[in-house]
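Visitor: I'd like a close look at a single part of this protein, please. Could you pick one pair of strands and then walk me outwards from there?

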Amino acid sequence: MTQEYKYHRVLLKLSGEALMGEAGYGIDPKVVDELADQVKHIVEDGIELAVTVGGGNIFRGMAGSAEGMERSQADYIGMLATCMNALALQDAFERKGIPTRVMSAIEMRQMCEPYIRRKAVRHLEKGRVIIFAAGTGNPYFTTDTTAALRACEIGAEALLKATKVDGIYDKDPVKHPDAVRFDKLSYLEVLAKELHVMDTTATSLCMDNNLPILVFDMTVPGNIARVLKGEDVGTTVQ
């Protein structure tokens, strides 16, 4: 079945906000369940999948810092929030029969494995989904940068950026009905136009390692498989 797909080993970047659905906080079980259905389909087709999840639905380090909290401390709290999301995803995936491992950049052995690159690659080769938690383990780095870093480390063929909109626009399509969507962009165009698809560190890391970024709407059922098959869904940065 994998011959249908353009990409065979990928990293899926999920924001914490994507997991909360229409709610203003926390994790929406319906959203997580629908995501698990999509993941089950592609994993059964032989795709090697890693996931990096943010924590913005629970706590955002930048927001905490803006409110006067010391930045490093705020970022560590945000890392713990990503761990909560990772465990929730693992539970949803395994209820669908998807073998899953959570690997954390900060050791917490009672809940998940410490991140070791060679072990992560072995999990992928055995058909297990990996969920990377706790960012890079360092403050001042976003989970976008974590996604780019881990994708490069595991030899992913593409970085899938799952959002609530169907690609990259020249301005916020929610606020501006006349916003124009891009089908394809170069890394330099993303940086020059300050499109904020991912932070500049993540975009630069992908550019330096020639890692395509595929931005798409995760709320449409089946979109993950369509993106992996190379269909014209969302925006490609390369």
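**A parallel pair and its surroundings**

Guide: Let's start with β2, residues 48-53, and β5, residues 129-133: three bridges join these two strands, and they run in the parallel sense. Keep in mind that you're looking at a predicted model. Within this pair, alanine 50 sits opposite isoleucine 130 of β5.

Now zoom out to the sheet. β2 and β5 are neighbours in an open sheet of nine strands, and the pairing across that sheet is mixed. Reading across, the order goes β4-β3-β5-β2-β1-β6-β10-β11-β9, so β5 has β3 on its other side, while β2 has β1. At the edges you'll find β4 (113-114) and β9 (184-185); each has just a single partner strand, so one side of each is left without a neighbour in the sheet.

Step back once more, to the chain as a whole. Its secondary structure adds up to nine helices and 11 strands. The radius of gyration is 17 Å, close to the 18 Å that the globule rule gives for 238 residues, so the chain is as compact as a globular protein of that length. Along its principal axes, the C-alpha trace spans about 50 × 50 × 35 Å.

What about contacts and burial? Taking contacts with a separation of 6 or more, 72% are between residues 24 or more positions apart. Of the 238 residues, 52% count as buried.

Finally, the outside: the accessible surface comes to about 11300 Å², and carbon and sulfur atoms make up 51% of it. As for charge, the chain carries 27 positive and 33 negative charges, whose mean positions are 5 Å apart.

Key:
Residues numbered from 1 in each chain as written. Predicted model: local features only at pLDDT ≥ 70, side-chain atom pairs only at ≥ 80, totals over all residues. Heavy atoms only, no water. Helix = DSSP H or I, 4+ residues; strand = E, 2+ residues; numbered from the N terminus. Rg over C-alpha atoms; globule rule 2.2 N^0.38 Å. Buried < 20%, exposed > 50% of the residue type's maximum accessible area, 1.4 Å probe, protein only. Contact = heavy atoms within 4.5 Å. Areas by Shrake-Rupley, 256 points an atom, 1.4 Å probe, with all protein chains shown as cover. Lys, Arg positive; Asp, Glu negative; His and termini not counted. Charge placed at Lys NZ, Arg CZ, Asp CG, Glu CD. Pairing = 2+ DSSP bridges.
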